[in-house]
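Q: I would like to learn how to read a protein model, feature by feature. Can we work through one together?

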Amino acid sequence: MPTKGSRNSKGDTSVAIDTRPPMIRLERLRDGESVVVAEGYIFEFERRGYLTAGSFVPEVILEHPERVKSLHEEFVHAGSDVVLAFTYYAHREKLRLIGRENDLERINMEALRIARQVADDTGTLMAGNICNSRIYRKGDEAYIAAVKAIFKEQVELAVKGGADFIVGETFGEYGEAALALEAIKKYGNGLPVVITMLSPNPMDTWDGINIGEACRMLEEGGADVVGLNCGRGPVTIIESLKCVRKACKGPIACLPVPYRTSVAEPTFFTITCPGSETKAFPL
């Protein structure tokens, strides 16, 4: 069987197809192996000019679905074992900001359809995706209810779209991550759950919980995989990840951002343009 990136006798580049059932491949985690998940669609499509920095709403799914499919295929070709549906920031609150709330189901189902197609074509897993709501407020019951509704909608659509498992990601506060886990466990039809935290401070969440302790509680709450994503680069995420590994018993995830972070500028949103104090990233 050709491997990813190999060439056949005609010189054509091929992509390996793993014929094992998806859940069998997921067992690799329990066997101590690794599963590679390529993501970063928001930043990549912003770089290519297909979505707007600031709001970062993935309208490209409806406007240029062929580009989304192509990027999924690029990621698989590069070695990803998972096609992550591009539903990050495709939730009701983000769509409301640009007047497209009525497109919520359409945009999510199209993203899931594209991801499912590429996963089936390449023999990879397909994951649904939910993320930080941008409106969570600790202790505010109205906001908490709104966040729960946001997660419920997207989890149910992920199930409808045929996801093999569901990723909840980029939560700066344990409280919001716990709500995401609760929604996936309640509405996810038994699908495996991955929850990853943003680590803005080296060892603590924004709601003041040690990052290892937060991940441990998520693991004990039923997450199959816990870990860190976004914010920190490959070098500056390591110490936080060590804390997670020490606290947790099961598989852990790590998805740093591909930015040149440093001790002085540990997160991508603290990086400044060379020779100035201007922030390099357009938040």
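Q: How many aromatic pairs does a search of the whole structure find?
A: This is a predicted model, so keep that in mind throughout. The search of the whole structure gives 11 aromatic pairs.

Q: How do I read the geometry of one pair, say Tyr41 and Phe75?
A: Take two values: the distance between ring centres and the angle between planes. Planes under 30 degrees apart count as stacked, over 60 as edge-to-face, and the rest as tilted. For Tyr41 and Phe75 the centres are 5.1 Å apart and the planes stand at 50 degrees, so this pair is tilted.

Q: Which parts of the chain does that pair tie together?
A: Tyr41 belongs to helix 2 (residues 41–47) and Phe75 to helix 4 (residues 65–78), so the contact links parts 34 residues apart in sequence. Now check accessibility, where under 20% counts as buried. Tyr41 has a relative accessible area of 4%, so it is buried. Phe75 has 16%, so it also counts as buried.

Q: What does the pair Phe151 and Phe171 look like?
A: The ring centres are 6.0 Å apart and the planes are at 85 degrees, so Phe151 and Phe171 form an edge-to-face pair. Phe151 sits in helix 7 (residues 141–160) and Phe171 in strand 3 (residues 165–171), so parts 20 residues apart in sequence are tied together. Both Phe151 and Phe171 are buried.

Q: Which residues form an aromatic cluster?
A: Tyr41, Phe45, Tyr50, Phe75 and Phe86 make up one cluster.

Q: Which charged residues lie over the face of a ring?
A: Look for a Lys or Arg side chain above a ring. Arg137 lies over the face of Tyr143, 5.2 Å from the ring centre. Lys152 lies over the face of Tyr187, also at 5.2 Å from the ring centre.

Q: Next, the sheet. In what order do the strands come?
A: Trace the pairing from strand to strand. Here 6 strands form an open sheet in the order 1-2-3-4-5-6, with parallel pairing. Strand 1 and strand 6 (252–255) are the edges, each pairing on one side only. From one strand to the next, the twist averages 25 degrees.

Q: Where does helix 7 pack on the sheet?
A: Helix 7 touches strand 2 (125–131) and strand 3, and its direction makes about 170 degrees with that of strand 2.

Q: How many bridges join strand 4 to strand 5?
A: There are 4 bridges between strand 4 (residues 193–197) and strand 5 (residues 225–229), and the two run parallel. Read them residue by residue. Val194 has Val225 of strand 5 as its bridge partner. For Ile195, the partner in strand 5 is Val226. Helix 9 (residues 211–220) lies across strand 4 and strand 5, at about 145 degrees to strand 5.

Q: Which way do the residues of strand 5 point?
A: In a regular strand, side chains alternate between the two faces of the sheet. Val225, Gly227 and Asn229 point one way from strand 5, while Val226 and Leu228 point the other way. Strand 5 is mostly covered, with 5 of its 5 residues buried.

Q: Which residues touch the most other members of the largest nonpolar core?
A: Nonpolar side chains tend to be buried together in soluble globular proteins. The largest core here has 84 residues, and Phe45, Phe86, Phe151, Ile195, Met197 and Leu218 touch the most other members. Helix 6 (residues 104–122) gives the largest share, 8 residues.

Q: What does Phe151 touch?
A: Skip residues up to four places away in sequence. Phe151 then touches Ile130, Cys131, Phe171, Glu176, Leu179, Ala180 and Ala183.

Q: Is Ala115 buried or exposed?
A: Ala115 is buried, with a relative accessible area of 0%. Ala115 lies in helix 6. Outside its neighbours within four places in sequence, Ala115 contacts His72, Val83, Ala85 and Met126.

Q: Where is Thr87 found?
A: Thr87 is in the loop between strand 1 (82–84) and helix 5 (92–97). Do not judge burial from a loop label; look up the value. Thr87 has a relative accessible area of 2%, so it is buried. Leaving out residues up to four places away in sequence, Thr87 touches Asn108, Ala111, Asn129 and Gln154.

Terms used: Residues are numbered from 1 along each chain as its sequence is written. This is a predicted model: local features need pLDDT of at least 70, side-chain atom pairs count only at pLDDT 80 or more; totals for chains, interfaces and linings use all residues. Side-chain values use heavy atoms; hydrogens and water are left out. Buried means under 20% relative accessible area, exposed over 50%, partly exposed in between (1.4 Å probe, protein chains only). Contact means heavy atoms within 4.5 Å. Rings of Phe, Tyr and Trp (its six-membered ring) pair if their centres lie within 6.5 Å; planes under 30 degrees apart count as stacked, over 60 as edge-to-face and the rest as tilted. A charge sits over a ring if NZ of Lys or CZ of Arg is within 6 Å of the ring centre and within 35 degrees of the ring normal. Two strands pair if DSSP finds at least two bridges between them. Axes are lines fitted to C-alpha atoms, for helices over the stretch in contact, and angles run from 0 to 180 degrees between N-to-C directions. A nonpolar core is a set of buried Ala, Val, Leu, Ile, Met, Phe, Trp, Tyr and Cys residues joined through side-chain atoms within 4.5 Å.
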